[in-house]
Amino acid sequence: MIDKVPEKAIEKLKNAGVEVTYIPGIEREALLEKIDEYDILVFRSRLRIDREIIDKGKRLKVLARYGVGLDNVDVEYALNKRISVVNASTASCVSVAELTLGLMIAASRNLYLHMSSVKNGRWSKGEYIGVELYGKTLGVIGFGRIGSRVGVYARAMGLEILAYDSRDVSREVGKLGGRQVGLEELLEESDVVSLHVPLTPRTYRMLNEKTLTLIKDGAILVNTSRGEVIDCRALLKHLDRLGGVAFDVLEEEPPRSQHLLELIKHPRVIVTPHIGAETREAMERVADELACSILEALKWQ
Ligand code: NAD
């Protein structure tokens with residue numbers, strides 16, 4: 001295990017008879033030297049699990065991502081070498097969907113501005129007037145496990161739902177009284193746009209110089225998927241006309257680049273430090289789901 005994981009996750013594997021070496025934060029070079037000692041590698045998003053690491057891991061049978069996104073793993077290369085790649089794909093859906101709704105509400109009611117004013121001894125009543133979400137249109141980009149759940153929660157709050165997805169999701173979104181539409185229509189029609197696609201070459205910067213201009217003035221943009229799906233340099237030019245921006249993910253975490261620091265400083269931008277899956281319940285489920293997937297994968301080796 002090369003990244004920090006809860007004690008429970010270590011216990012679950014030990015109880016199943018797996019001998020665990022816990023070396024959270026190990027640097028890439030040190031890992032390259034040791035990787036041939038292990039059958040299973042458990043990791044988060046910190047290091048790229050690329051061809052070099054996979055090639056040096058002569059005994060590797062399972063690559064296990066502690067979490068969901070597999071964008072830091074060369075999955076195809078691993079599978080070609082008959083190494084299983086597993087993740088905890090469903091464990092954190094509820095937590096991420098709940099945070100997404102929280103971010104929408106925080107942005108629509110300027111919660112950050114009000115809360116920090118009160119904390120600083122001011123009483124900002126009458127400043128920063130918000131908007132209701134009821135009756136507004138939510139555009140969900142990526143109507144998969146998390147996106148569809150966000151749709152259900154938002155529908156319960158009275159929003160109309162539009163979905164953009166490369167699969168046919170018209171039945172699922174139809175059940176919420178909504179429609180599957182193209183990306184352009186979604187961006188032009190939505191009062192809130194929420195991103196839930198995986199990071200792939202096709203989704204990389206899908207919101208860019210060109211597509212960002214389609215978003216309505218006053219709309220709220222929420223991203224709890226992956227930072228790289230939005231071109232944040234291009235987004236800077238739109239901040240003053242948008243109603244709010246709320247991100248749980250950034251293309252660089254923690255952010256150091258000038259354009260990201262500029263983005264974060266803007267009063268209408270809220271950023272949380274990639275906490276979508278950080279609830280007690282999700283962390284418990286991730287540990288369970290991953291241990292089961294690892295043991296299942298070992299059976300097939
Ligand atoms: P999922 O695979 O269930 O759903 C993704 C959806 O996106 C699918 O319906 C898929 O068809 C669609 N899609 C893929 N490529 C597309 C494209 N080019 N154009 C349009 N649609 C496309 O994934 P999920 O479990 O719902 O996760 C969604 C995102 O949330 C991922 O980026 C994941 O990494 C991220 N995530 C973030 C956190 C967090 O802590 N903030 C936690 C878990 C997951």
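This is a guided tour of a predicted model, going from the sheet to one of its strands, then to a buried residue and the ligand.

**The sheet**

Start by showing strands β6, β5, β4, β7, β8, β9 and β10. These 7 strands form an open sheet, in the order β6-β5-β4-β7-β8-β9-β10, and the pairing is parallel. Its edge strands are β6 (179–180) and β10 (269–271), each of which pairs on one side only. If you turn on backbone hydrogen bonds, remember that strands of a sheet pair through them, either parallel or antiparallel.

**Strand β7**

Next select residues 192–195, which make up strand β7. What covers its two sides can be checked residue by residue: Val192 and Ser194 on one side are buried, and so are Val193 and Leu195 on the other. Both faces of β7 are therefore covered.

Now add the strands that pair with β7. Strand β4 (residues 137–141) pairs with β7 in the parallel sense over 4 bridges. To find the register here, select Gly139, which stands opposite Val193. Strand β8 (residues 220–223) also pairs with β7 in the parallel sense, over 4 bridges. For this pairing select Ser194 and look across to Val222 in β8.

**Asn223**

Stay on β8 and select Asn223, which lies in this strand. Is Asn223 buried or exposed? With a relative accessible area of 1%, Asn223 is buried, because the cut-off for that word is under 20%.

Show the side chain of Ser225 as well: a polar contact of 2.7 Å joins it to the side chain of Asn223. Then display the contacts of Asn223 beyond its neighbours within four places in sequence. They are Leu195, Val229, Ile230, Ala246, Phe247, Asp248 and Val249. Leu195 in this list belongs to β7, visited above.

**The ligand**

Finally select the ligand and the residues around it. There are 25 of them, and the closest are Arg145, Ile146, Asp165, Arg167 and Val197. Colour this shell by residue type and you get 8 nonpolar, 11 polar and 6 charged residues.

Which atoms of the protein lie at 2.6 Å and 2.9 Å from an oxygen atom of the ligand? The distance of 2.6 Å belongs to a polar side-chain atom of Asp165, and that of 2.9 Å to a polar side-chain atom of Arg167. Thr224 takes part through its backbone: a polar atom there is 3.0 Å from a nitrogen atom of the ligand. Switch to a surface view to end the tour: on its own the ligand has 860 Å² of accessible area, and the protein covers 89% of this.

Definitions and conventions:
Residues numbered from 1 in each chain as written. Predicted model: local features only at pLDDT ≥ 70, side-chain atom pairs only at ≥ 80, totals over all residues. Heavy atoms only, no water. Near = heavy atom within 4 Å. Polar contact = N/O pair within 3.5 Å; in protein donor to acceptor, adjacent residues only side chain to side chain. Areas by Shrake-Rupley, 256 points an atom, 1.4 Å probe, with all protein chains shown as cover. Nonpolar A, V, L, I, M, F, W, Y, C, P; charged D, E, K, R; others polar. Buried < 20%, exposed > 50% of the residue type's maximum accessible area, 1.4 Å probe, protein only. Pairing = 2+ DSSP bridges. Contact = heavy atoms within 4.5 Å.
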